[in-house]
Amino acid sequence: MPWWVWLSLALFGVILLPATIVAVRAMLRLNRASNSLNAELEPRLARLQAQTEDLNVLSARATASTERTKERIAALQISLSRIQTFAWALRDVQAFVGGVRGLVPRK
């Protein structure tokens, strides 16, 4: 082989070796950073999952409470309509009694 082929192969080797070393070091740094980030995020994720479960429990309680509240409001509306009926009947009786008093002469 001619000398310039050997020279270009040597030059290629001289360039490839540092480039490989730099790439391997960068990959190792990236791996360490990834592991460190994973170690940092894992407890936060566990806390977030626990808070999510707590929120789900609270949401279920709120839904159940909303249903009970709707039932109680419906019962109160029924009671209110009964009270309004009784109030109307009382006013009607008062009006009748007032009318009867007007018919009865006073001394």
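**Group meeting: a chain built on one helix**

The protein chain contains one helix and zero strands. Please bear in mind throughout that this is a predicted model.

Let me begin with the overall form. The C-alpha trace spans about 150 × 25 × 20 Å along its principal axes. The radius of gyration is 44 Å, whereas a compact globule of 107 residues would have a value near 13 Å. Val5 and Ser65 illustrate the point: they are 60 residues apart in sequence, and their C-alpha atoms are 84 Å apart in space.

I turn now to the helix itself, α1, which covers residues 3-103. What should its 101 residues span at 1.5 Å a residue? The expected figure is 150 Å, and the end C-alpha atoms lie 141 Å apart, which agrees. The helix does bend, by about 30 degrees at Leu41, and a proline, Pro43, follows within four residues.

Next, the surface. The chain exposes about 10100 Å², of which carbon and sulfur atoms supply 67%. Buried residues make up 1% of the 107 residues. Val5, which lies in helix α1, counts as buried because its relative accessibility is 18%, under the 20% cut-off.

One part of the surface deserves separate mention. Val93, Phe96, Val97, Val100, Leu103 and Val104 form a nonpolar patch, and together they have about 580 Å² of accessible area. Val93, a member of this patch, is found in helix α1. With a relative accessible area of 47%, Val93 is partly exposed; that value lies over the 30% required of patch residues, so Val93 meets the accessibility condition.

Finally, the charged side chains. Side chains of opposite charge can pair when their charged atoms come close. How many salt bridges does the structure hold? The structure holds one. The partners are Glu40 and Arg44, whose closest N and O atoms are 3.6 Å apart. This pair qualifies because the separation is within the 4 Å cut-off. Both residues lie in helix α1, four residues apart, or about one turn of the helix. An α-helix has 3.6 residues a turn, so residues three or four places apart point the same way. As for their surroundings, Glu40 is partly exposed at 41% relative accessible area, and Arg44 is likewise partly exposed, at 46%.

To close, the picture is of one helix and zero strands, with a bend at Leu41, a salt bridge between Glu40 and Arg44, and a nonpolar surface patch that includes Val93. Thank you.

Key
Residues numbered from 1 in each chain as written. Predicted model: local features only at pLDDT ≥ 70, side-chain atom pairs only at ≥ 80, totals over all residues. Heavy atoms only, no water. Patch = residues over 30% accessible without salt bridge, like charges linked within 9 Å, V, L, I, M, F, W, Y side chains within 5 Å. Areas by Shrake-Rupley, 256 points an atom, 1.4 Å probe, with all protein chains shown as cover. Salt bridge = Lys/Arg side-chain N within 4 Å of Asp/Glu carboxyl O. Helix = DSSP H or I, 4+ residues; strand = E, 2+ residues; numbered from the N terminus. Buried < 20%, exposed > 50% of the residue type's maximum accessible area, 1.4 Å probe, protein only. Expected span 1.5 Å × (residues − 1). Bend = angle between axes of the 7 residues up to and from the residue. Rg over C-alpha atoms; globule rule 2.2 N^0.38 Å.
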